[in-house]
Amino acid sequence: MPELHPAFDWHLVARHLLTSRAMDDMEEAELYPQGHVPYQFSARGHELGQILLSQLLNRPFDAASVYYRSRPFMLGSGLTAEEAFACGMARQGSVSAGRDVGVVFNMPSRGRATVLPMSGDVGSQFTPAVGWAQAIRYRVEQLGESELEDSIATVCGGDGSVATNGFWSALTIATTLRLPVLFVIEDNDYAISVRKKLQTPGGNIADNLAAFQNLCIWQGSGTEPAETAALVVEAVEAIRRGEGPGLLRLRVPRLSGHSGHDNQSYKLEEELQEEWGRDPLPALKAYLVGTLLDEAGWEALVEEVRQEVMQAREAALAQPQPDPADITRYVWASDGGSAQRGGLAAEGIVLPAGNPAPQPTDPRRINMIEAVRRTLDTELALNPRLLVFGEDVGEKGGVHTATMELQKKHGEARVFDTSLSEEGIIGRATGMALAGLMPVPEIQFRKYADPATEQLHNCGTLRWRTANRFASPIVVRVPGGFGRKVGDPWHSVTDEVSFAHDVGWRVAFPSNAEDAVGLLRSALRGDDPTLFFEHRAQMDAAWARRPYPGDDYVIPFGQARFLSTGDDLTLVTWGAMVERCELAAREVDAAIELIDLRTIIPWDKEAVLESVKKTSKVLIVHEDIGLAGFGAEIAATIAQEVFMYLDGPVERLAAPAVPIPFNYELMEAVVPSIALIRSHMGQLLAF
Ligand SMILES: Cc1ncc(C[n+]2csc(CCOP(=O)(O)OP(=O)(O)O)c2C)c(N)n1
C-alpha cells in the first residue's frame, strides 16, 4: 500500500476536489442552462494540482496570481462554496459584489495565499506576480521584515498563456532578478480550440525553456496524485529555499468545453476518450481508498459534499442582488476609504498631508526637471516604501535626467533600471503596490506606454473590480509632448485624453516647476493610481522655472490656477499650452481669464463654469488632437451646464488629427501657435 504524501491534508484535498466537481456539475447541468450563471467556466480535469498548491501556500506573505480556470485553487485557499456560487450568479456576496465575471477572483489572505485580483485578459496575471515577488525581497532586505523571508509568489496560466507578452515579460524579470516566484502552467493542449503547437514550437514550453538561464523547471502529470504531489512540493520548496524562479508544467485534461457555450467540436472522439482516461477524480479515489478511507467512506464523503454543495447553491440563490445605487462606488480611495490590501493606507501608514502654501526658502528658480528630481528625492527620504524605476532610470539618471544621482543616494534597491518592457514596468508596479509599496515607474516617452495599455487599464479599475478589497496606487511618470526644437510621431505624443478615459486614473499635467512639485508630491502621498505628465517643452523652459516651493508643498488635485482674471473671455488650457496662451493673451486688448487646469482628472469644472458664467465666451486650447480630445469633454460640459450664459460658440483650438511631424516648420504648423491662439481669441471676442 503506497504511503500518502505527508505534506498534504488529503481529506481536505478530496473534499475540495469533490466540491469543485459538484459545482461544475450543477452549473453545467442546471444553473447555466437556467440562466442563473450567465458565464460558466468549468475546472474539470484541472483540480488536483491547484488544490495541492493551495495547501502549500501557508506563509503570511505568500501570493497567487491565478486565472479563470482556478476555482479549485480558490476553494483550497478558503473561498466557500456559497461564495463561489454567488460569484457565478453575480450576487452581492461575490468577491466583486457582482461587478466581475464569476471566475475572475480576488481574495485577501485567509490563512493561505493572498489571491491577487485577477483580470480577464489572458497573460496579464504574470507581471503583477513578479512585482509581488520583488516586493517580498524588498520588504525583507530593505524594510527588515525577516518574517517574510521564505514567502513566495506563484502565478498560474494555461498553455495558451505562454505565448503572451505578459508571460515573457514576467519570465525575463523573474530570471534576471532571480525572484522567488513559481510559474505553474496547466497544459491542457488547447487554448479554447487552438492547439498548443501554435503557442510554443513543439507544444511543450518546459522543454523549450530548458536552456533559459536562472530558471528551475519541473514537469509531469497534474492528475496522478503521487506524482503531482511530489512535483508541487519539490517546486514550492525549491522556491522557498531561494533557488527560484521556477516553472512547473502540469499536464491536465480539459474535460469540459472552454466555457459554457463551447461544445468541443474540434476534438476527435478518441481524443475525448483519452482525456477522460486522465480524469484526476478516479485517480484520487484510487490513491485514497485503502489508505485514508475505505470504499464506503469515500461514497459517504461524496454524498456529504454533494449535500453541502446543494445547500451552498440554495444559499447563494437566496442572496440579494447587488444594489445598482452603489455602482459608481470604489473607483477612488475617497469613495470608500483604504482597501483591505494594497497601497500604504491599507497597512495603516499615514504620510504627512503636506502644506498647500508654497514656502520657498531660495528665490532662485529651478527648472521642471529639477523640480521632479527634488520631489522624488525628498519623498524617497520620507517614505522607505517608495521605489523609483524604469528604463535608464538608475545609473544614467533617466534619459530626461529626472532621476540623476538618486540611485547613488538611495541605493540600487530603491532606484533601479528595468528590462525593456513597459508591460513589465507597469504590471510589476501593480504587484508591488498590492504588496504594500509605493512604486513610481517612469515610462520613457508617452508613446512607449502603448505596450503597457492592458496593465494600465487593469490597475485603474482594480479597486472598483474588487469592491475596495484591493487597491493598487502607483504613480507613473510619463514625459512627452512636442520638444522646443524638435518633434516627431514617437517622442511628442500627449494623448492625455486616453488616460482620462481610463477608469480609475488621476491625471496631472503641470505647466511649471512649482506645480510639478506640488502635484507630484500630492500623488506620491495619495492612495490612487496617478499619471503624472512631464512635458518635454517645459522641462527646461525659462517660462516654467519657479523657486522650489518647499519639501512639504502639495497641490490638491482638481484645483485650477488662474493666471489672469477678466470679464471678456475665458481661456482654458494645461501643460505646454499654458505658456503659449499666456503670451498670446498679453497681445490681446481684452480682459482674459486664463485658467491652467493643472489636473485633467479630476478637472476643475467649477472654476471653468463659474468663469464662463462671468465672461460668456470660452476658448479651450490643447496640443493633443482636437478629434475627441479632452477639450471636447470640457466643451460638452459647458454647453450642457451653462448654455444660457453663453454669448458665442464654445471654441476649441487643438492639433489637427495627424501625428506630430519631424520637420520643425511642419511641427509648428500642427501644434497650436501663439499667433493662432491670438487670432482665435480675436475672432471670439468679435463675435
Ligand atoms: C488577451 C486576451 N486575448 C484573448 C482572450 C480570449 N480567451 C479567453 S481564454 C482563451 C484561451 C486561453 O487558453 P489557455 O491559456 O491555454 O488556458 P485554458 O483555458 O486552456 O485553461 C482566450 C483566447 C482573452 N481573455 N484575453
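These legends describe three close-up views of a predicted model.

**View 1. The ligand and its surrounding residues.**
The ligand is surrounded by 16 residues. The closest are Y67, Y68, R69, G160 and Y190. Oxygen atoms of the ligand pair with polar atoms of the protein, from side chains and from backbone. In the side chain of Y67, an N or O atom is 2.8 Å from a ligand oxygen. For N188, a polar side-chain atom lies 2.9 Å from an oxygen atom of the ligand. S161 takes part through its backbone: a polar atom there is 3.1 Å from a ligand oxygen. On its own, the ligand has 580 Å² of accessible area, and the protein covers 71% of that.

**View 2. T378 in helix α13.**
Helix α13 spans residues 368-382 and holds T378. T378 has a relative accessibility of 17%. Buried means under 20%, so T378 counts as buried. Which residues is T378 in contact with, leaving aside neighbours within four places in sequence? They are R521, Y548 and D551.

**View 3. A nonpolar surface patch at F643, M644 and Y645.**
F643, M644 and Y645 form this patch on the surface. Together they have about 400 Å² of accessible area. Y645 sits in a loop. Helix α22 (630-641) lies on one side of that loop in sequence, and strand β22 (651-655) on the other. Is Y645 buried, partly exposed or exposed? Its relative accessible area is 41%. That value falls between the 20% and 50% limits, so Y645 is partly exposed.

Technical notes. Residues are numbered from 1 along each chain as its sequence is written. This is a predicted model: local features need pLDDT of at least 70, side-chain atom pairs count only at pLDDT 80 or more; totals for chains, interfaces and linings use all residues. Side-chain values use heavy atoms; hydrogens and water are left out. Patches are made of residues with over 30% relative accessible area and no salt bridge: like charges are joined within 9 Å, nonpolar side chains (Val, Leu, Ile, Met, Phe, Trp, Tyr) within 5 Å. Accessible areas come from the Shrake-Rupley method with a 1.4 Å probe; for residues, only the protein chains shown count as cover. A salt bridge is a side-chain nitrogen of Lys or Arg within 4 Å of a carboxyl oxygen of Asp or Glu. Helices (H or I, at least four residues) and strands (E, at least two) are DSSP runs, numbered from the N terminus. Buried means under 20% relative accessible area, exposed over 50%, partly exposed in between (1.4 Å probe, protein chains only). A residue is near a molecule or strand if one of its heavy atoms lies within 4 Å of it. A polar contact is a pair of N or O atoms within 3.5 Å; within protein, one must be able to donate a hydrogen and the other to accept it, and residues adjacent in sequence count only if both atoms are side-chain atoms. Contact means heavy atoms within 4.5 Å.
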